[in-house]
Amino acid sequence: MMIEVQHLHKSFRVHVRQAGWLDAVRHLWKRQYQVVEAVKDISFTIPKGEIVGFLGPNGAGKTTTMKMLAGLLHPTSGKMNVGGFVPFEQRPEFKKMMSLVMGQKSQLIWDIPPMETFLVNKAIYEIDDRTFRRTLDELVELLELQPLLTKPTRSLSLGQRMRCELAAALLHRPAILFLDEPTIGLDVHTQEKVRRFIAEYNREHQTTILLTSHYMGDVTALCDRIMMINYGQLIYDGELSVLTEKLAPYKRLEVRFSEVPNARWEDYGEVAEIEDSQVVLRVNRERVAEVSAHFLQHFHVHDINIQDPPMEEVITRAFQEELSHGS
């Protein structure tokens, strides 16, 4: 296994006080603290070459977990083995075999072109000239960076900077890549470019990737397996398709008419919406073929579209069920 985590736990001691100047003065002499448990007893393994989606709402513990795996945070308790190393020991060999990309934090040097940052990374990671040139040429081609290499970083758009961030993170050919919101704030076209690059790079180099994202498009495009975390606890670890079938045992049936006929639509499934010329139903997977055939036989159907429910809907339902079970 490339990543092994056993009973990982991380808590923080946080200073708390009430609002107002009186309490502020009182806390100069006597402070009060509370312990916040960010990660609670999580365990998982990730084999070489797998892309795993790591999902959860804000504050669930995703970034804290990723920072511990990257060696930026020391766990309160538990064991981690990442590529044969204990991350928080911060050995140089470990730093050379992993990379962390955070969508909201930049490693590019703001006032100089990306090419200069790449040369800095070349020196830091002690990459020889031949390997550097070969890797850079590959990344420039895959990410379409040639026009960007000599422009000051501050003049690049967010999407252009993120493509350069990925190149900077991959120059030393890491075996493990942690991606924390790599497409945050990007337009749809750039998001698709980044996804294609990640998938292609993974196929070519068998890089192990742990990905967090609030964009379900990233997850469905790249990950067969997902892990879901909420309030610091791992609530699901398995195939995305299995989760979909478990929490959404229905399909969306979108039927278009010239005019919506008068019918008891609830007899066919759960009504999602009815408009002037369209009916959208949530139909049990086992009944989809039967219901579709009935519509085509008995109504003047202009178009019929059968889809899995949106992944956002599935994930939201998963967290809602976890909350109801926990309450």
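In this predicted model, the mean positions of the 38 positive and 44 negative charges of the chain lie 9 Å apart. The chain itself comprises 327 residues, of which 45% count as buried. Its C-alpha trace spans about 70 × 60 × 45 Å along the principal axes, and its secondary structure consists of 11 helices and 13 strands. The exposed area comes to about 17,400 Å², with carbon and sulfur atoms supplying 49% of it. As for contacts between residues at least 6 apart in sequence, 70% join residues that are at least 24 apart.

Aromatic side chains offer a good place to look at such links in detail. The structure holds 9 aromatic pairs. One of them brings together Trp-265 and Phe-295 in an edge-to-face arrangement, with 5.6 Å from centre to centre and 80° between the planes. The two partners come from distant parts of the chain, 30 residues apart: Trp-265 belongs to the loop between strand S10 (250–257) and strand S11 (270–274), while Phe-295 is part of helix H10 (residues 288–298). Trp-265 and Phe-295 are both buried.

Phe-295 also pairs with Phe-299, this time in a tilted geometry, with the ring centres 5.7 Å apart and the planes at 55°. Phe-295 has a relative accessible area of 0% and is therefore classed as buried. For Phe-299 the corresponding value is 17%, and because buried means under 20%, Phe-299 falls in the buried class too. These residues take part in a wider group: ring pairs join Phe-257, Trp-265, Tyr-268, Phe-295 and Phe-299 into a cluster.

Rings in the model also have charged neighbours. Lys-10 is placed over the face of Phe-12, at 5.1 Å from the ring centre. In a similar vein, Arg-13 has its charged end over the ring of Tyr-33, at 3.8 Å from the centre of that ring.

Several loop residues deserve a closer look. Two of them have a positive phi although they are not glycine: the angle is near 55° in Glu-181 and near 50° in Tyr-231. Glu-181 is found in the loop that runs between strand S6 (176–180) and helix H7 (188–205). Tyr-231, for its part, sits in the loop between strand S8 (225–230) and strand S9 (233–239). Their surroundings can be described by accessibility. With a relative accessible area of 7%, Glu-181 is buried, whereas Tyr-231 reaches 53% relative accessibility and so counts as exposed.

A further loop residue is Gln-104, located between strand S5 (98–102) and helix H4 (114–124). Its relative accessible area is 66%, and since exposed means over 50%, Gln-104 belongs to the exposed class. Gln-104 and Asn-58 are separated by 46 residues in sequence, and their C-alpha atoms are 14 Å apart in space.

Terms used: Residues are numbered from 1 along each chain as its sequence is written. Side-chain values use heavy atoms; hydrogens and water are left out. Helices (H or I, at least four residues) and strands (E, at least two) are DSSP runs, numbered from the N terminus. Buried means under 20% relative accessible area, exposed over 50%, partly exposed in between (1.4 Å probe, protein chains only). Contact means heavy atoms within 4.5 Å. Accessible areas come from the Shrake-Rupley method with a 1.4 Å probe; for residues, only the protein chains shown count as cover. Lys and Arg count as positive and Asp and Glu as negative; His and the chain ends are not counted. The place of a charge is taken as NZ of Lys, CZ of Arg, CG of Asp or CD of Glu. Rings of Phe, Tyr and Trp (its six-membered ring) pair if their centres lie within 6.5 Å; planes under 30 degrees apart count as stacked, over 60 as edge-to-face and the rest as tilted. A charge sits over a ring if NZ of Lys or CZ of Arg is within 6 Å of the ring centre and within 35 degrees of the ring normal.
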